[in-house]
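Student: I would like to take a close look at how side chains pair and pack in this model. Could the salt bridges be treated first, and then the nonpolar core?

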Amino acid sequence: MASAAVSITKYLRFFRKQRLHSVLDYGAGTLRNARYLAEEGFEVYAADLPAQVERIMAMAGRRQLAGVLNCDELGASRLGVDLVISNYVLNIISDGSEKSSYLKNIVLNLRPQGYLLVEVRCRNQSLECCQGTCAGGHRCSDCIKTYSHGELNDLLAPYGFRHVCHYYRRHSVAVLYQVMGH
């Protein structure tokens, strides 16, 4: 059995209780989460950047998937999945327009009332900024790539997402959202 991110295993019972069946792993990388969910009986689509899609197509685990998409195809695909998972992708995207495109693609591919599970690296609240320049504004190179659940809520609210629940781990926060409007 494939291993998955802790957030995926932690919310697996919730996914089953809500009768979620189809999943888009957006930023699928090595297919760790996609393979795990497929083995658990979910219909899973994987999406990533073109160069990573080429690598995915050579992976044996792709045969377990319902489909593999280049992220550029998501604007037109309208998959209507029950759940989108995003693990650490928002930590990588620094450009505002790319982030906006990423979030719009999530909404376009979720069914009405569908769910989004976001896991990101979080800021260590007990330490001062490594460069001492943020002063609460979180502008240094280390802090700008991290989020609190409140910052994620602010980022996702304009796209129609409602915070369902969240939890923190040592270096990450996982937040479950439901899209309220389309």
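Tutor: The answer below takes the salt bridges first, then the nonpolar cores, and then one buried polar residue.

This is a predicted model, in which local features need pLDDT of at least 70 and side-chain atom pairs count only at pLDDT 80 or more, while totals for chains, interfaces and linings use all residues. Residues are numbered from 1 along each chain as its sequence is written, and side-chain values use heavy atoms, with hydrogens and water left out.

Side chains of opposite charge can pair when their charged atoms come close. A salt bridge is defined here as a side-chain nitrogen of Lys or Arg within 4 Å of a carboxyl oxygen of Asp or Glu. By this rule the count is 2 salt bridges. One joins Glu40 to Arg16, with the closest N and O atoms 2.4 Å apart. Glu40 lies in the loop between helix 2 (32-39) and strand 2 (43-48), and Arg16 lies in helix 1 (residues 6-17), so the pair ties together parts that are 24 residues apart in sequence. Helices (H or I, at least four residues) and strands (E, at least two) are DSSP runs, numbered from the N terminus. Glu40 is partly exposed at 22% relative accessibility, and Arg16 is partly exposed at 40%. For these terms, buried means under 20% relative accessible area, exposed means over 50%, and partly exposed lies in between (1.4 Å probe, protein chains only).

Arg111 and Asp82 also form a salt bridge, at 2.7 Å from N to O. This pair links distant parts of the chain, with Arg111 in strand 5 (residues 110-121) and Asp82 in strand 4 (residues 81-87), 29 residues apart. Arg111 is partly exposed at 25%, whereas Asp82 is buried at 11%.

In soluble globular proteins, nonpolar side chains tend to be buried together. A nonpolar core is a set of buried Ala, Val, Leu, Ile, Met, Phe, Trp, Tyr and Cys residues joined through side-chain atoms within 4.5 Å. The largest such core has 29 residues, and those with the most contacts inside it are Tyr26, Ile106, Leu152 and Phe161. Among the elements that give two or more residues to this core are helix 6 (96-109) and helix 7 (149-156). A second, separate core of 27 residues includes Phe42 and Leu117.

Finally, Gln178 is in strand 7 and is buried at 10% relative accessibility. Its side chain makes a polar contact with that of Tyr115 at 3.4 Å; a polar contact is a pair of N or O atoms within 3.5 Å, where within protein one must be able to donate a hydrogen and the other to accept it, and residues adjacent in sequence count only if both atoms are side-chain atoms.
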